[in-house]
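Here is a short tour of the spaces, helix contacts and ring pairs in this protein. Keep the 3D view open as you read.

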Amino acid sequence: MLANPGIAFIGIIFKSVGLGLAFLFLYLFPAGFYAPSWIRIFLLAWVVWALLWLIFPQSIFSFQDPFNIDLLGFLLLMAWWSIGIFAQIYRYYRVSGPVERQQTKLVTFGAAIVAVAYTLYVPLRQMMAFLPRSNLAEVVFTMVAPYIFLVMVMAIPITITFSIFRYRLWDIELIIRRTLVYSALTATLAVIYLGTVLLLQSLMFGWLSRLSSAVLALSTLVVAALTNPLRLRIQRDIDRRFFRQRYDAEKALEAFSAILNDEVDMDVLSNRLMVVVEETVQPTFVGLWMAPLTPPTAFPEHEPPKPPLTDQRKV
């Protein structure tokens with residue numbers, strides 16, 4: 001345990017959040033929903049566990065150093081990992097279809113490698129005490145084994161990356177787009193927040209210098225009010241610069257929606273609709289069929305019904 005309790009407290013927070021995100025990944029991968037649905041109870045249980053870890057850092061709830069954990073702590077940690085592995089096995093056999101199984105089999109294999117590696121780590125470390133020259137064996141094991149394990153952990157991001165590009169595991173364009181949007185949004189809001197805090201503190205220096213909590217609250221309200229407008233503006237700028245086809249399609253749909261409010265001529269609307277479909281979907285050909293206004297039986301017998309309006313054009 002670190003001598004500085006503040007740094008130790010921060011370390012516990014980061015480690016508990018990291019383990020919680022790892023468990024959440026096993027609960028949700030790859031579709032983003034819990035399977036089975038009751039598995040979400042264990043995420044809430046982990047929140048309680050992490051709080052107990054913060055309150056009692058020297059108790060059995062502590063996973064402070066997973067490489068030097070005792071046997072009881074190892075069994076408890078493996079119990080948590082087993083819940084996530086069960087969720088993945090259940091999803092693979094009861095929920096996933098053939099395509100999703102093809103997409104996730106490599107990722108499952110990479111996760112299994114990491115799980116087996118850590119399962120062997122602690123028992124092997126315990127066995128070092130029974131070897132001849134145990135002190136030397138423990139030193140060598142401590143110097144080498146953690147780095148070998150960390151290298152094996154790379155199997156998970158490697159298999160995820162391969163599955164994304166080889167089997168279209170996720171919509172990579174959507175991931176890139178959201179990463180760009182929220183990274184730019186986070187950086188912008190951080191700059192605005194720090195600038196607002198510094199500006200208000202400089203303005204209130206003196207007779208209002210004691211209202212530091214009010215400054216922080218006001219800065220938080222400013223950032224909260226700007227979050228959604230900034231996100232929309234950043235998203236439009238990123239779409240216009242990096243996803244031009246999507247941006248042009250959204251603009252075409254907005255223009256067509258504006259025409260619908262004022263135009264009543266069906267010929268004009270049909271032509272505009274054909275243009276919008278050509279610009280947004282870009283199909284090989286476009287066809288438009290409009291149902292007749294009256295049923296065919298309503299026409300007189302001596303007058304054949306007019307054919308419905310059709311239009312086709314090649315792109």
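A cavity, as the word is used here, is a set of grid points where a 1.4 Å probe fits but cannot get out, and a lining residue has an atom within 4 Å of such a point. Please bear in mind that this is a predicted model.

**The enclosed space**

With that in hand, let's look inside. The structure holds 1 cavity of 30 Å³ or more, and the space in the largest cavity comes to about 40 Å³. Which residues line the largest cavity? They are Pro 30, Gln 88, Arg 91, Tyr 92, Ser 96, Thr 104 and Thr 108. H3 and H4 each bring at least two residues to this lining, and the largest share, 3 residues, is from H3.

**The open space**

Now turn to the largest pocket, which holds about 860 Å³ of space. Its lining has 30 residues, and those closest to the centre are Ala 22, Leu 26, Trp 81, Val 114 and Ile 156. Four helices each supply at least two lining residues: H1 (5–28), H3 (71–95), H4 and H5 (134–153). Among the contributors to this pocket, H3 gives the most, with 8 residues.

The table sets out the residue classes for both linings and for the helix contact described below it.

| Site | Nonpolar | Polar | Charged |
|---|---|---|---|
| Lining of the largest pocket | 25 residues | 4 residues | 1 residue |
| Lining of the largest cavity | 2 residues | 4 residues | 1 residue |
| Contact of H4 with H6 | 9 residues | 5 residues | 1 residue |

**Where H4 meets H6**

How do the axes of helix H4 (residues 98–127) and helix H6 (residues 155–167) cross? They come within 8 Å and cross at roughly 175°. Angles over 145 degrees count as roughly antiparallel, and H4 and H6 are therefore roughly antiparallel to each other. On the H4 side, the contact is made by Gln 102, Gln 103, Lys 105, Leu 106, Val 107, Gly 110, Ala 111 and Val 114. Facing them in H6 are Ala 155, Ile 156, Thr 159, Ile 160, Phe 162, Ser 163 and Tyr 167. Two residues of this contact, Val 114 and Ile 156, are also listed with those closest to the centre of the largest pocket.

**A stacked pair of rings**

The structure holds 17 aromatic pairs. One of them joins Trp 46 and Phe 63: the ring centres are 6.3 Å apart and the planes lie at 10°, so the pair is stacked. Trp 46 belongs to helix H2 (residues 40–55), while Phe 63 sits in the loop between H2 and H3. With their positions 17 residues apart, the pair links distant parts of the chain.

Note on methods:
Residues numbered from 1 in each chain as written. Predicted model: local features only at pLDDT ≥ 70, side-chain atom pairs only at ≥ 80, totals over all residues. Heavy atoms only, no water. Axes fitted to C-alpha atoms, helices over the stretch in contact; angles between N-to-C directions. Parallel < 35°, antiparallel > 145°, perpendicular 65-115°, else oblique. Contact = heavy atoms within 4.5 Å. Nonpolar A, V, L, I, M, F, W, Y, C, P; charged D, E, K, R; others polar. 1 Å grid on protein atoms, 1.4 Å probe; cavity = no way out; pocket = protein on both sides within 12 Å on 5 of 7 lines; lining within 4 Å. Points joined across faces, edges and corners; volume = space filled by probe spheres on them. Phe/Tyr/Trp six-rings, centres within 6.5 Å; stacked < 30°, edge-to-face > 60°.
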